[in-house]
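Reader: I should like to understand how the descriptive terms applied to this model are justified. Please set each value against its criterion.

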Amino acid sequence: MPEAGHLHRGVTRRHITIVGASLAGLRAAESLRRQDYDGPITLIGDEPHAPYDRPPLSKQFLAGDWDEDRLALTKPEKLADHDLTFRLGTRATAFDLASRRLTLDDGSDLEVDGLLIATGARCRTLPGTEDLDGVFVLRGLDDSLAIRRAFDAGPRRVVVVGAGFIGAEVAATARESGLEVTLVEALPQPLGRVLGDEMGAVCAAVHREHGVDLRVGVGVEAIEGDGRVERVRLSDGSVIDADVVVVGIGVIPNTEWLEGSGLEIDNGVVCDATCLAAPGVTAAGDVARWPNQRFGEVMRVEHWDNAVEQGGHAARRLLQADEDAEPFTPVPWFWSDQYDRKLQLAGRIRPDDDMQIVTGSVEERRFAALYGREGRLVGVLGFNRPRHVMQYKTLIEQGVSYDEALAADL
Amino acid sequence: MKIVVDFDLCESNAICMQIAPDLFEVRDDDFLYVLNEEPGEDRREALEECVQRCPKQAISIAE
Ligand SMILES: Cc1cc2nc3c(=O)[nH]c(=O)nc-3n(C[C@H](O)[C@H](O)[C@H](O)COP(=O)(O)OP(=O)(O)OC[C@H]3O[C@@H](n4cnc5c(N)ncnc54)[C@H](O)[C@@H]3O)c2cc1C
Ligand code: SF4
């Protein structure tokens, strides 16, 4: 885009307010500075901590290998350069689109000009476990610290409920800390909904090889104990004695504070294809739902890289005239580290897609598999094949056919 | 402009290679190689994107 045209047609903002001071929010603020926006930026975040990175919370930090300093999303010296105003430990409680007023839990009220919503998501919990000690979810730094402490206390057994990515990582970290672990999944395979049963079975095998007691196709009936958890009762009648339970059964977008705001909320903040939710209001990260035109699908993506990319896109959008706005059309991508395996998935796959291994083998636990639908390449899964995943991700972006991708020599 | 990679942090997930294949390459040995340590100013934007998008914050730019 020619610079002069941009200046000419761009929107001038007096100030920009970002609600949610974590990955999407902070990267949005940084990208505003890179766009040469030099007006005031205020970040409002309800956590007391300076912005930190979540992926290590189920991996290196939970294992005790990293300390808190290493979690900083941006090093303090660099953060200072950006001239951002942080209001940490402060929650946004309401917003009114018509008057553009934002209400905070410290009783203050502010008028916003540009607003970027990045309030992320929180963990679903198991009803009836609120008052039991020893039952955890994992989303924030304090959760990870609490689980670490419970691991250090030498529990007889850890039960992880839900073999999604977070649950699988917690199980792996607990095993590597020498703990006895039972991983309970209601579906026939861990990650089956994402990867399909065949690849889910590979994940199951990896956990069993590492000594995890994996129970699939069973639900949790009850988590029992007197003040603190003592056992987990499963739907097949079995009972597992446990003194630590980590529940990883998905997340809920943080949108309650926007009820009655005039914005459309439906499993996230509903945006248009350019991440705009209303004039001068955008959303990014785990909380945002938008139509991704590349896949012809309305999506809400709960991945690290999406929060970074969409944060940047939603920030730029606040400075753009409508006619200059571009749709946000990423190929979603994430990684998950379990034991010494790096699993990566790019694209949008469904359990009934065509699937073929193109390099390596399942037996070696080192391979890349391609997924096709209606003749198109729609996804690539890698086990310890990062280079291949990225190269095939580029092919997905280029819209190549499944056959072409299978024939490509990468 | 000089590219600095902290190889203790890098986990070879190749996102930088996808953004700037002329600067970064993850080879079959799973290690990251910097192909051009001192790229021209015209690559600054791409490199800044690599810095932001590297999940391990392993890349920095020395002026
Ligand atoms: C343990 C763990 C491991 C992960 N591992 C991986 C991984 O390996 N790979 C991967 O791709 N992704 C991973 N993720 C996912 C990734 O971290 C998220 O996608 C990312 O954090 C989303 O960023 P976000 O800024 O949109 O939301 P969040 O990180 O959830 O941040 C939202 C922030 O807004 C705050 N907030 C909420 N409501 C309000 C309010 N009303 N007022 C003010 N502040 C508010 C929240 O407290 C939070 O600080 C992991 C996540 C977790 C929890
Ligand atoms: S993106 Fe970062 S972690 Fe990944 S290969 Fe590049 S430098 Fe290494």
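Author: The exchange below treats the ligand site, then the domains, then the contact between chains. The model is a predicted one.

Reader: What makes the pairing of ligand 1 with D46(A) a polar contact?

Author: A polar contact is a pair of N or O atoms within 3.5 Å. An oxygen atom of ligand 1 lies 2.4 Å from an N or O atom in the side chain of D46(A), so the pair meets that criterion.

Reader: Which side chains besides that one have a polar atom paired with an oxygen atom of ligand 1?

Author: S22(A) and R139(A) are among them. For S22(A), the separation between a side-chain N or O atom and a ligand oxygen is 3.2 Å. For R139(A), a polar side-chain atom is 2.8 Å from an oxygen atom of ligand 1. Each value falls within the 3.5 Å limit, and therefore each pair is called a polar contact.

Reader: How much of the area of ligand 1 does the protein bury?

Author: Taken alone, ligand 1 exposes 1000 Å², and the protein buries 94% of that.

Reader: What makes up the shell around ligand 1?

Author: The shell comprises 16 nonpolar, ten polar and nine charged residues. Of the 35 residues around the ligand, D46(A), E47(A), R54(A), K59(A) and R139(A) come nearest.

Reader: Why is ligand 1 said to lie between domain 1 and domain 2 of chain A?

Author: Domain 1 (16-122 + 252-324) and domain 2 (125-249) of chain A both give residues to the shell, so the ligand lies between them.

Reader: How do you know that domain 1 and domain 2 of chain A are in contact?

Author: Contact means heavy atoms within 4.5 Å. By that criterion, 16 residues of domain 1 of chain A are in contact with 13 residues of domain 2 of chain A. The two domains bury about 1300 Å² between them, with 59% of it on carbon and sulfur atoms. On the domain 1 side, L57(A), S58(A) and L62(A) supply 41% of the area buried against domain 2 of chain A, more than any other three residues. The domain centres, taken over C-alpha atoms, are separated by 30 Å.

Reader: Why is an area quoted for an interface?

Author: The size of an interface is often expressed as the accessible area lost when the parts come together. Between chain A and chain B, about 2000 Å² is buried, of which carbon and sulfur atoms give 44%. In chain A, R34(A), R387(A) and M390(A) lose the most area to chain B, together 25% of what that side buries. The contact takes 30 residues from chain A and 20 residues from chain B.

Methods. Residues numbered from 1 in each chain as written. Chains lettered and ligands numbered in written order. Predicted model: local features only at pLDDT ≥ 70, side-chain atom pairs only at ≥ 80, totals over all residues. Heavy atoms only, no water. Near = heavy atom within 4 Å. Polar contact = N/O pair within 3.5 Å; in protein donor to acceptor, adjacent residues only side chain to side chain. Areas by Shrake-Rupley, 256 points an atom, 1.4 Å probe, with all protein chains shown as cover. Nonpolar A, V, L, I, M, F, W, Y, C, P; charged D, E, K, R; others polar. Domains from an automatic or database assignment. Buried area = accessible area lost by both parts, 1.4 Å probe.
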